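Me: I should be grateful for a close look at one part of this complex, namely the place where the two chains meet. Please then set that part in the context of the surrounding architecture.

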Amino acid sequence: MSEIIVEELRHVYSAGTPFEKTAIENISLRIPQGQFVGLLGHTGSGKSTFVQHLNALLQPSSGRVLVGGTDINKDKKTRHDVKWQVGLVFQYPEYQLFEETVFADIAFGPKNMGLGREEIEERVREAAGFVGIEEKLFNESPLELSGGQKRRVAIAGVIAMRPGVLILDEPTAGLDPAGCRQIMENIRAYQRQSGATVLIVSHNMDDAARSCGRLIVFDHGRVAMDGTPEEVFSRPRELISIGLAVPQATALAMELRALGVKLPEAIYTHEQLLAAVKEVRGC
Amino acid sequence: MLKDITLGQYFPGNTVIHRLDPRTKLLWVVLFIVGLFQANGWAGYALVLLVTALVMALGHIRPKNIFKGLRPMLFIIILTAALNLFYTSGTPVRPGWIVTWEGIARAVKMILRIVLLIAGTFLLTYTTSPMALTDGMERLLSPLKKLHFPVHEMTLMMSMALRFIPTLIEETDKIMSAQKARGADFENGSLIQRAKALLPILVPLFVSAFRRADELAVAMESRCYHGGEGRTRLKQLVMARRDWIALALGLLFLAAINVLRHFGL
C-alpha cells in the first residue's frame with residue numbers, strides 16, 4: 001500500500017550561495033499505512049520542508065523517500081504521479097481556490113489525473129461529503145463562501161484524488177473554535193473510513209493529543225522525539241525547552257501534582273484529567 | 001527558483017557609497033550613463049571601467065554579485081556582440097574571413113557598454129535601500145509639483161510596488177506548489193496548454209493581491225494617511241560635504257570623457 005519510508009533525508013536551501021541553509025538533516029522514519037501522525041515543532045523547525053519531500057515537491061539534497069516501496073524521485077513520471085498517492089494540503093489552502101464553481105475546484109485534481117466524467121463526479125460528491133460541503137453549494141463561486149467553508153472545499157480538492165496518504169499543514173490555523181472542531185472531525189472521519197495514513201502539522205497540542213496515535217517532534221531540522229502521545233507528553237520539560245507547549249490538561253495536571261495531588265503520569269486530554277481527578281476524590 | 005531573482009536587491013552596508021544622499025547617487029547614475037554613451041575610444045571606456053571598479057571597491061560590492069545580476073541579460077549581450085562581430089565591414093582578421101578587426105573592436109565595446117550600463121544601475125540599487133531611493137526621487141522631481149504633477153503619489157506607488165515584489169514572488173511560489181500538489185503541470189504540453197495552466201496561479205494571485213491592497217489601504221487610513229500635503233519625514237535628506245564632492249567628481253568625470261572624445265581616444 002502506501003507505507004512511507006524516509007532514509008537519511010537532508011535538504012539544503014540555496015546550496016552554494018551565501019544564503020545556504022540546511023533545513024532538515026539526518027531524518028529517517030517509517031510510517032506504516034493507516035497511522036494518524038502529528039508533526040510538531042516550532043516555526044522554522046523544518047516540518048514544512050519535510051512534508052514537501054513526501055510528495056516530491058522538493059527533491060532531497062541527499063537521502064531517499066519511498067512510498068509504497070518505490071523511490072518517488074526515481075524519474076519525472078514517479079515524481080509527478082506520487083501526487084495522487086500523497087495528497088498535500090498547504091497552510092491556508094483557501095488561497096489556492098480559483099475555479100468558477102465549488103464543483104469545478106474540487107474536480108481540479110481528479111481532472112489532472114485524467115479520469116472520466118462520471119468518475120470525477122463520483123469523487124467530487126464523495127470528497128464534499130467527507131468535509132460536509134452540501135451539494136447545493138456546488139454551483140456557487142468558491143470565493144464567496146465563508147472562511148471555514150472555503151477551507152473545507154480546498155481540503156476536499158485534495159481528498160477527491162483519494163490519496164493513500166493525506167498530509168495537512170496546520171489545517172485549523174485561523175479558524176474559530178467551531179470551525180477547528182469540525183475540520184478535525186472531518187479529517188478523523190476520513191481517516192477511519194478510507195484507512196488512509198494522515199499526517200497533520202500542528203501547533204495545537206490539544207488537537208495533536210486528541211487525534212494522533214503517534215507524534216513526531218522536529219527541532220532544528222532533526223527529529224527530536226518520536227512516539228505515542230503518552231511518551232512524548234511525559235517529557236514536558238523537553239517540549240518546553242524546544243519552544244513547544246504541552247496540552248492544557250497536561251499543564252494543569254503538572255500544577256496539581258506540584259500542589260501535592262497524587263495524579264498518574266501521562267495525562268494529555270481533558271477526559272483523562274477529569275477521570276483521574278474523580279478517582280483521587282473517590283467518586 | 002523564483003526567489004533567486006536579484007533584480008533591485010539591496011545589500012545593506014555602511015560604506016561611503018551607502019552613506020551618500022540618494023539624490024547624489026541618482027544624479028551620478030545619470031552622469032555615468034551619459035558619460036558611458038559619449039565614450040567612443042578605448043581610453044574613454046577604460047575611464048568608465050575604472051570609475052565603476054572604484055565605486056564597487058568603495059561600496060564593498062563584489063564582482064560576483066554584479067555578474068549574477070547580469071545572467072538574465074546574457075542572451076542580449078551575446079546577440080549584440082555576435083551581430084557586431086559579423087556585420088562590421090573593415091579589414092578581415094584573415095583574408096576571406098567575415099570577422100574583421102573593426103568588428104572585434106566594436107563587439108568588445110558593445111559588451112563593455114551593456115555590462116557597464118547594468119553594473120552602474122546595479123551599484124545604485126545595491127547600495128541604496130528602496131525607501132531612500134524613492135525618497136530621493138521624490139525630492140529630485142519635486143519641482144514638477146508646480147506643474148501639478150503628482151510626484152508624491154507617484155513615488156509612493158513606486159515604493160509600494162518595490163515593497164511588494166518579494167511578497168508576490170513568495171506568494172506565487174506558494175500557489176504554484178499548492179497547484180502542483182493537485183497535479184497541475186506547468187512544464188509540459190503545447191504553448192496553449194501551458195498558457196491555460198497559468199490560470200490556476202493567476203486567479204488566486206490576483207485575488208490575494210487585491211486583498212492585500214485593500215488591507216494596506218485600511219491600515220494606511222487608520223493611521224490617518226492623507227497624501228503628501230504637509231507631510232514631514234522621520235529621516236530628512238541632507239546634502240553633506242561628501243555629496244557635493246561626489247557631484248563635483250561626477251561632473252569632472254563627464255568633462256574628462258568629453259575631452260577624451262574630442263581627441264578621439
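Reply:

**The contact between the chains**

The contact draws 16 residues from chain B and 18 residues from chain A. On the side of chain B that touches chain A, the elements giving two or more residues are helix 8 (151-181) and helix 10 (199-222) of chain B. Of these, helix 8 of chain B gives the most, with seven residues. Sorted by class, that side of chain B holds nine nonpolar, four polar and three charged residues.

The model is predicted, and its confidence values belong beside this description. For the complex, the predictor gives an ipTM of 0.85 and a pTM of 0.76. Chain B has an average pLDDT of 87, and 97% of the residues score at least 70. Residues 1-6 of chain B are a stretch in which pLDDT stays under 50; for them the model has eight contacts beyond four places in sequence.

Chain A may now be described through its sheets. An open sheet of six strands in chain A follows the order 6-7-8-3-9-10, and its pairing is mixed. Strand 6 (86-89) and strand 10 (222-227) of chain A are the edge strands, each pairing on one side only. On average, neighbouring strands of this sheet are turned by 15° against each other, direction ignored. Helix 5 (residues 147-159) of chain A packs on the sheet, where it touches strand 6 and strand 7 (165-169) of chain A. The direction of helix 5 makes about 165° with that of strand 6 of chain A.

At the edge formed by strand 10, the pairing can be followed residue by residue. Strand 9 (residues 214-219) and strand 10 of chain A run antiparallel and are joined by five bridges. Within this pair, A:Val217 has A:Met225 of strand 10 as its bridge partner.

Further pairing in chain A involves strands 1, 4 and 5. Strand 1 (residues 4-13) is joined to strand 4 (residues 62-67) of chain A by five bridges, and the two run antiparallel. Here A:Ile4 is the bridge partner of A:Val67 in strand 4. Strand 4 also runs antiparallel to strand 5 (residues 70-71) of chain A, with two bridges between them. A:Val67 stands opposite A:Thr70 in strand 5, while A:Ile4 is its partner in the pairing with strand 1. The hairpin of strands 4 and 5 of chain A has two residues between the strands, and in it A:Gly68 takes a positive phi near 60°.

Helix 5 of chain A returns when the nonpolar interior is considered. The largest nonpolar core has 80 residues, of which A:Leu39, A:Ile106, A:Ala156, A:Ile159, A:Leu166 and A:Ile167 touch the most other members. Helix 5 of chain A supplies the largest share of this core, six residues. Leaving aside residues up to four places away in sequence, A:Ile106 touches A:Val124, A:Ala127, A:Ala128, A:Val153, A:Ala156, A:Gly157 and A:Ala160. A second, separate core has 21 residues, among them B:Val55, B:Ile61, B:Ala246 and B:Leu260.

A:Lys76 offers a contrasting setting. This residue is found in helix 2 (residues 76-85) of chain A. A:Lys76 counts as exposed because it has 11 C-beta neighbours inside 10 Å, and the cut-off for an exposed residue is 12 or fewer. Its C-alpha atom is separated by 9.9 Å from that of A:Ala56, 20 residues apart along the chain.

Definitions and conventions:
Residues numbered from 1 in each chain as written. Chains lettered and ligands numbered in written order. Predicted model: local features only at pLDDT ≥ 70, side-chain atom pairs only at ≥ 80, totals over all residues. Pairing = 2+ DSSP bridges. Helix = DSSP H or I, 4+ residues; strand = E, 2+ residues; numbered from the N terminus. Axes fitted to C-alpha atoms, helices over the stretch in contact; angles between N-to-C directions. Contact = placed C-beta atoms within 7 Å. pLDDT = per-residue confidence, 0-100. Nonpolar A, V, L, I, M, F, W, Y, C, P; charged D, E, K, R; others polar. Core = buried A, V, L, I, M, F, W, Y, C linked by C-beta atoms within 7 Å. Buried ≥ 20, exposed ≤ 12 C-beta atoms within 10 Å, placed from the backbone.
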